[in-house]
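Here are my notes on the model you sent over. Have it open while you read, and work through the points in order.

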Amino acid sequence: MTAIGDVRRRRIDELAARAGQVPEGEGGVSLTKSAFRRLRRNPVAITGAVIVVVFLVVAAFAPLLAPRDPLAQTLLGEIRPGFIPGAREGFPLGADELGRDLLSRLIVGSRQSLLIGVVSTVLGVVVGMALGVLAGAFGGWVDTVVMRFIDIILSIPSLLMAISISVLLGQNQWSLVIAIAVTQVPVFARLLRGSMLAQRGSDYVLASQALGIKRSRIVFGHVLPNSLSPLIVQATLSLATAIIEAAALSFLGLGDPDLARPEWGAMLSNAQDFLSVRPELAIYPALCIIVVALGFTLLGESLREALDPKFRR
Amino acid sequence: MLRFVVRRLLQLIPILLGLSVLLFAWLRALPGGPAQAALGERATPEAIARYNELFGLDQPLYVQYLRFLGRAVQLDFGNSARTGRPVTEEFLERMPGTIELTLFAMVFAIGVGIPLGYLAARRHGSWLDSASVIGSLLGVAIPVFFLAYLLRLLFAVELGWLPGSGRQEVRIDATRITNFYVLDGLLTREWDAAWDAFTHLVLPGIALGTIPLAIIVRITRASVLDVVNEDYVRTANAKGLATSTVRRRHVIRNALLPVATTIGLQTGLLLSGAVLTESVFAFGGVGSAIFDAIFARDFAVLQGFILILAVVYVLVNLLVDISYGLLDPRVRVR
Amino acid sequence: MIIEDVPPDAVDRSGRPVLEVDELTVTFRRRGEQPMRAVDGVSFAVAPGETVGLVGESGCGKSVTSLAVMGLLPRRGVQVGGSVRLDGRELVGAPDRALRELRGADMAMVFQDPLSSLNPTVPIGTQVTEVLLEHRDLSRKDATAQATDLLDRVGIPDPARRLKEYPHQLSGGMRQRALIAMALACRPRLLIADEPTTALDVTIQAQILELLRELVVDSGTALVMITHDLGVVAGLCDRVHVMYSGKIIESADRHELFARPRQPYTGGLLASVPRLDGVRGAPLHPIRGSARDVIPWAEGCAFAPRCDHAQDDCLTEVAGSTVPLEYDGPGRELRCRHPLEYPRSPAGATAAGAAR
């Protein structure tokens, strides 16, 4: 780039900054910083963040934290119809219907549940973003084709969509991840396309075009970064949905069949049969799911508040 | 207005076509293909070959698709591998139950959600406000099927207040006209049958309605808080209107616009939730049929039911769009 | 365009003020934040048929003053002190019900943005008739007839059709006319117009101002004009109060003020307006900085940090006392230690320009 190019670039940055929605990059430090400052003062955000961090740490160090082998059927001798061993020394929460330590299974299970939630959401974001950028940046027939495709996916209620994909791909954890990811794609695609279209008509983009900036530079240098904050908010909220959806698919018998990987959704569905005998077998994994989902939701909502210009000041 | 409706109907055509392609491809891509779907998992290779020949599955794909489409337009989705009955027949038999259930859930969610959200906003910062915010956050975080199990355990099994499974007590010999059990009871003046069918809706309905309830409370609350600060509400106050008039005409009316949109979007959630709730309560509607079909690998039923439900969903959203046009004059003109 | 066939003797020309505002203070208290005094001891009066301008930059407290007069400030977190009397009736501390009876009937307000000030989902007709139905004992039919009349009077063509339309179907000027019609529906004694022309095109601005002027002259309504636009002041107001940082800093009759602004702030406002009859190429003299660069009145003159004439005693205040608002010749008041001076002969006194 020549010197003139640099001057132009700087002027675009100025214009973008003045548009009020500053990109994350060079000019955007103040916005990110101020959003972060608002987050730190918000008790809701702190609660959400603490929950999420605690569960992430537990998941990361699960094998070290689990007091027992989550797969070993230690108390098998005591299991009779209608009796499942309760809490005792060494088994703080008791054992499940196969005599495996419940606490250890919950701890190790956090890995699988979070992994499925995170991977499927990341996948959904990446694909959704690609489609959204395609539609938003090119417009015209590309936009029409992409959006019609999204509409078709959206016309199938999300769980039914996930069921069809799971059935199609067979029972394994990747089919679960893909099934959930597909239901997430439309949200992100529409979100990104919407905010790109909204910005396409905005003054700073028109000004950039008037200055003769290349389209790719406008899209990737300004429009896309400006669209990121709603995307981050939505992704955080979607993590909660993904984890709950994974549990629902497990309940429908479409979960991960590998017994070596305990997972909250599967634990919850297995425990339903013993609900009247030992309700805590279901309640503990359910609580884990609820608390994690709540954590992501709280974090997402407070992120939205912190990043939304409407709430500023 | 009519042009608006016609245009929206025309926009449906590509979506419905795309949907049929998707589900056609889905059945084709399944291990074993449509033959296995129709004959069940234990079909012999010979039987499959005979089936393929019989139904033209050796023809080029586009011919097969056009046939599929032709039959789908006549509401023919083949037969269930499990029962051997036509998919459409099974669907029509089970749909009334699901409609009753989703209607109950929606009425519950709207009837409780809008007043609660409004009150929370009016008493912004009070304990009621905080409680409804926390409750609505919890409402979306609870897995539906777990809530359904909890409700059933508590109110049906432990306390015995309400029935916990099915749509009607077996001992009641009710006359069937429409398969809407509550409606049938009312039509035939079999009041106890109607009441019994209604009590069967309560627990699954509440379980199913909880997520929409949580969302409606939140949207209503946020929307009322927004509208209260609008300039036109200040104008209304500057005109010296009575507080009740300001609230009715200027606050609530406008605050309900975004709520109306969400209610439309909830239909998808309801249909998804129905699969989970109905199977917990062995409700015998479309949802439990899908649940059974997954376990029985009854792909013809899955394909047909999903396709019909998707069409229902699309049509409901169309209705919502149209009613939104009635509520907001700005949409009508465009 | 006469607002109502008012018999001449019904117009109150006694000169007794309709509105008396006395030492009005408005303090905003937010949790965890310093209390903020937006209006600080403001006093003025408006007589029937008189038009008084409240002038200043955004944030000077002029809009808050008008909302306080109307009783439209939220009750929570806002403290209103001093006195506001409408025809002798005290409004500060009056119960909400009493204020609602007065608002729309005896005092009315026109807001800045006509689009957002009208309810988008309610037809114009309903929004006009609801004032009449609230305050007057009328049947729906009579109210509609009066509303048609009103729209006609404020210059909306084809009023019967317009009544059935929604705000987004009207042009900006039409919307403001409709808002004025609503405000005048019950023939109020006091009308407050808060920047009524700011959101409109220039040509429409003039029409709306003309309309307001006619209404005031014909019906003897007291009009408070809130604006930052000196052109509006010049065209409409009898008396002008210039506000800065919550206080009135200069009061004068319009001609006096434009001929000889005494507060340097007023002088600055006048000098920053381009003039058609000025020398070509003559530079404008904008006021430095913005309304945010203030010091508290307790520490001196709030305008001092931006003032070209400020001297040391403007910034270092003698313990506790603020710069007082003092008599400054007949009909004039001034809050300034070092005002602009003019030669004795009035003929050459056009330092900052006369009325446009």
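1. A convention before anything else: helix axes are lines fitted to C-alpha atoms, for helices over the stretch in contact, with angles from 0 to 180 degrees between N-to-C directions. Angles under 35 degrees count as roughly parallel, over 145 as roughly antiparallel, 65 to 115 as roughly perpendicular, and the rest as oblique. Helices (H or I, at least four residues) and strands (E, at least two) are DSSP runs numbered from the N terminus.

2. Some housekeeping. This is a predicted model, where local features need pLDDT of at least 70 and side-chain atom pairs count only at pLDDT 80 or more, while totals for chains, interfaces and linings use all residues. Residues are numbered from 1 along each chain as its sequence is written, and chains are lettered from A and ligands numbered from 1 in the order in which they are written.

3. Now the helix pair in chain B. The axes of α10(B) and α11(B) come within 10 Å and cross at roughly 160°, so the two helices are roughly antiparallel to each other. Their crossing is right-handed (the near helix is turned clockwise from the far one by less than a right angle; anticlockwise would be left-handed).

4. Which residues in α10(B) and α11(B) meet? From α10(B) they are Tyr232(B), Val233(B), Ala236(B) and Asn237(B), and from α11(B) they are Val246(B), His250(B) and Val251(B). Contact here is when C-beta atoms, placed from the backbone, lie within 7 Å. By class, this contact has 5 nonpolar, 2 polar and no charged residues (Ala, Val, Leu, Ile, Met, Phe, Trp, Tyr, Cys and Pro count as nonpolar, Asp, Glu, Lys and Arg as charged, and the others, Gly among them, as polar).

5. On to where chain B touches chain C: 19 residues of chain B are in contact with 26 residues of chain C. On the chain B side, α10 (231–238), α11 (243–280) and α14 (329–333) each give two or more residues. The largest share, 6 residues, comes from α10(B). By class, that side of chain B has 5 nonpolar, 6 polar and 8 charged residues.

6. The contact between chains A and B takes 34 residues from each of them. On the chain A side, α6 (140–154), α7 (158–169), α10 (215–251) and α12 (280–307) each supply at least two residues, and α12(A) has the largest share with 8. The classes on this side of chain A are 25 nonpolar, 7 polar and 2 charged.

7. What does UniProt say about chain A? An unreviewed entry lists "transmembrane region" at several spans, including residues 44–66 and 282–303 of chain A. Such annotations use the numbering here, with shortened feature names, and may be inferred rather than shown by experiment. In the model, residues 44–66 of chain A are 91% helix and 0% strand, with end C-alpha atoms 29 Å apart. Residues 282–303 of chain A are 100% helix and 0% strand, with the ends 32 Å apart.

8. For chain B, the unreviewed UniProt entry places "domain: ABC transmembrane type-1" at residues 95–324. That span is 81% helix and 0% strand, and its end C-alpha atoms are 26 Å apart.

9. Last, chain C, with 12 helices and 12 strands. Of its 356 residues, 45% count as buried (20 or more other C-beta atoms within 10 Å of a residue's own, where 12 or fewer is exposed and in between is partly exposed; C-beta atoms are placed from the backbone). Among contacts in chain C with a separation of 6 or more, 66% are between residues 24 or more positions apart.

Definitions and conventions. Two residues are in contact if their C-beta atoms, placed from the backbone, lie within 7 Å.
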